[in-house]
Amino acid sequence: MPPRPLLHVDRLEKQFIRRRLLRAPVVTRAVDDVSFDIRGGESFGLVGESGSGKTTAARCILRLTRPTSGDVRFDGESIYTMSRARLRTLRRAMQPVFQDPYSSLDPRRTVQQSVTEPLVVHEVGTRESRRARVAELLNLVGLDPAYGARKPHELSGGQRQRIALARALALGPRLLVLDEPVSALDASVAAQIVNLLLRLRQDLNLALLFITHDLRLVRHLTTRVAVMRAGRIVESASTLALFASPHHPYTHELLSAAGLWKERLADPDLAHAGPRADSGVGDDRVLPLREVTPAHWARV
Ligand SMILES: Nc1ncnc2c1ncn2[C@@H]1O[C@H](COP(=O)(O)OP(=O)(O)OP(=O)(O)O)[C@@H](O)[C@H]1O
Ligand SMILES: [Mg+2]
């Protein structure tokens with residue numbers, strides 16, 4: 001038996017229903033039958049274009065919203081039926097990091113206060129030990145502890161995202177759910193943050209759910225990846241396999257658009273991996289995920 005995954009997402013579904021006067025309601029299937037596992041210490045990428053349901057899935061996983069159906073288990077336990085005490089533990093073990101740290105950091109508070117807050121809320125340590133912990137956390141994210149005295153407006157975008165990470169790490173989580181954590185940053189700053197995430201994952205044995213529309217970041221940071229389109233996973237595989245031989249036309253499209261595929265078409269050994277060009281979203285609703293090669297799944 002393989003070890004139990006840290007996070008198990010099981011046939012997750014989230015519909016938004018917009019009611020209209022005297023007309024049929026409009027149903028958006030934001031997340032539609034999404035399943036995947038993340039093992040402890042693993043870095044998993046969720047990619048897809050705008051509106052494909054990535055944030056909605058993340059919000060369900062973080063228990064910020066209830067799914068219409070399906071389940072999310074953390075360390076084997078459903079997060080929707082947990083006791084309050086267990087939920088408190090879950091809040092420590094699974095931490096979100098969002099795109100815009102400016103909105104997640106209180107502008108009136110110093111860095112020291114913001115990073116201390118989760119420790120205070122969860123009643124961890126004494127005043128002195130918390131102060132030492134904050135210095136340690138700032139070091140961990142590559143900032144001089146002297147930054148503790150600053151306020152968010154005195155920091156660059158990259159520094160703010162480092163602070164958001166320090167805050168997320170304060171309680172020693174096992175999983176970070178990162179929703180487009182670097183898309184608001186310049187490419188070079190984004191690369192620094194991604195490298196920091198790589199290092200943190202290794203040093204702290206952190207699992208990452210990394211959500212992005214940027215395939216280059218996924219290739220750099222993750223070991224497995226799922227591609228979402230219109231609420232559904234259309235392909236999932238090891239990152240190596242997905243980039244070497246995408247099977248779903250939509251994955252192919254994404255890779256081509258990012259300039260990560262075209263060069264391969266010239267290689268006759270890889271050209272066979274080119275998928276059919278005629279598949280639309282309709283097919284994804286009908287076709288099940290099929291294991292095209294071991295541990296590589298696609299709706300083809
Ligand atoms: N609160 C809501 N009420 C109604 N519809 C919603 C709500 N939140 C999301 N949606 C819809 O659900 C779908 C998925 O949205 P979601 O934000 O999850 O996509 P995304 O993949 O995160 O996109 P982006 O890359 O732009 O962040 C979209 O059609 C969106 O309009
Ligand atoms: Mg989103």
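**Note on the predicted model**

1. Start with helix H10. In H10, residues 249-257, the buried positions are Pro249, Tyr250, Thr251, His252 and Leu254. This is a predicted model. The buried residues of H10 pack against two helices, H8 (215-221) and H9 (239-244), and against two strands, E9 (224-229) and E10 (232-238). After H10 comes glycine 259, with a positive phi near 70°.

2. Overall make-up. The chain holds 13 helices and 12 strands. Its C-alpha trace spans about 60 × 50 × 50 Å along the principal axes. The radius of gyration is 20 Å; a compact globule of 300 residues would have one near 19 Å, so the chain agrees with that expectation.

3. Burial and contact range. Of the 300 residues in the chain, 38% count as buried. Take the contacts with a separation of 6 or more: 66% of them join residues 24 or more positions apart.

4. The nonpolar core. The largest such core has 68 residues. Ala166, Leu175, Leu208, Leu209 and Val227 have the most contacts inside it. Helix H6, residues 157-169, gives the most to this core, with six residues.

5. Leucine 175 is worth a closer look. It is one of the core residues with the most contacts. Which residues does leucine 175 contact, leaving aside neighbours within four places in sequence? The list is Leu6, Leu7, Ile38, Ala93, Met94, Ala207 and Leu209. Leu209 is also among the residues with the most contacts inside the core.

6. Proline 173 sits in the loop between H6 and strand E7 (175-179). Is proline 173 buried or exposed? It has 20 C-beta neighbours inside 10 Å and therefore counts as buried. The cut-off for burial is 20 or more. Not counting residues up to four places away in sequence, proline 173 touches Arg92, Ala93, Met94, Gln95 and Ala168. The pair with arginine 92 bridges 81 residues in sequence, yet the C-alpha atoms are 5.7 Å apart. Ala93 and Met94 also contact leucine 175.

7. The open sheet. Four strands make it up, in the order E2-E1-E4-E5, with antiparallel pairing. Its edge strands are E2 and E5 (77-78), each pairing on one side only. In general, strands of a sheet pair through backbone hydrogen bonds, either parallel or antiparallel.

8. Pairings within that sheet. E1 and E2 pair antiparallel over 11 bridges. One bridge partner on E2 is phenylalanine 36, which faces valine 9 in the pairing. E1 and E2 also form a hairpin with two residues between them. Leucine 22, in the turn, has a positive phi of about 60°. Strand E4, residues 69-74, is joined to E5 by two bridges, and these strands run antiparallel. Arginine 73 has serine 78 in E5 as its bridge partner.

9. Positive phi inside the strands. Two residues other than glycine deserve a check. Arginine 11 lies in strand E1, residues 7-20. Its phi is positive, near 45°. Arginine 11 is exposed, because 12 other C-beta atoms lie within 10 Å. Aspartate 33 lies in strand E2. Its phi is positive too, about 60°, although it is not a glycine. With 17 C-beta neighbours inside 10 Å, aspartate 33 counts as partly exposed.

10. The ligand shell. Which residues lie around ligand 1? They are Phe16, Thr28, Ala30, Gly48, Ser50, Gly51, Ser52, Gly53, Lys54, Thr55, Thr56 and His213. By class, two are nonpolar, nine are polar and one is charged. Strand E2 (23-38) and helix H1 (54-61) each supply at least two residues of the shell. H1 gives the most, with three residues. E2 thus appears twice in this note: it is an edge strand of the open sheet, and it supplies residues to the shell around ligand 1.

How values were computed: Residues are numbered from 1 along each chain as its sequence is written. Chains are lettered from A and ligands numbered from 1 in the order in which they are written. This is a predicted model: local features need pLDDT of at least 70, side-chain atom pairs count only at pLDDT 80 or more; totals for chains, interfaces and linings use all residues. A residue is near a molecule or strand if its C-beta atom, placed from the backbone, lies within 6 Å of it. Ala, Val, Leu, Ile, Met, Phe, Trp, Tyr, Cys and Pro count as nonpolar, Asp, Glu, Lys and Arg as charged, and the others, Gly among them, as polar. The radius of gyration is taken over C-alpha atoms; the globule rule is 2.2 Å times the number of residues to the power 0.38. Two residues are in contact if their C-beta atoms, placed from the backbone, lie within 7 Å. A nonpolar core is a set of buried Ala, Val, Leu, Ile, Met, Phe, Trp, Tyr and Cys residues joined through C-beta atoms within 7 Å. Two strands pair if DSSP finds at least two bridges between them.
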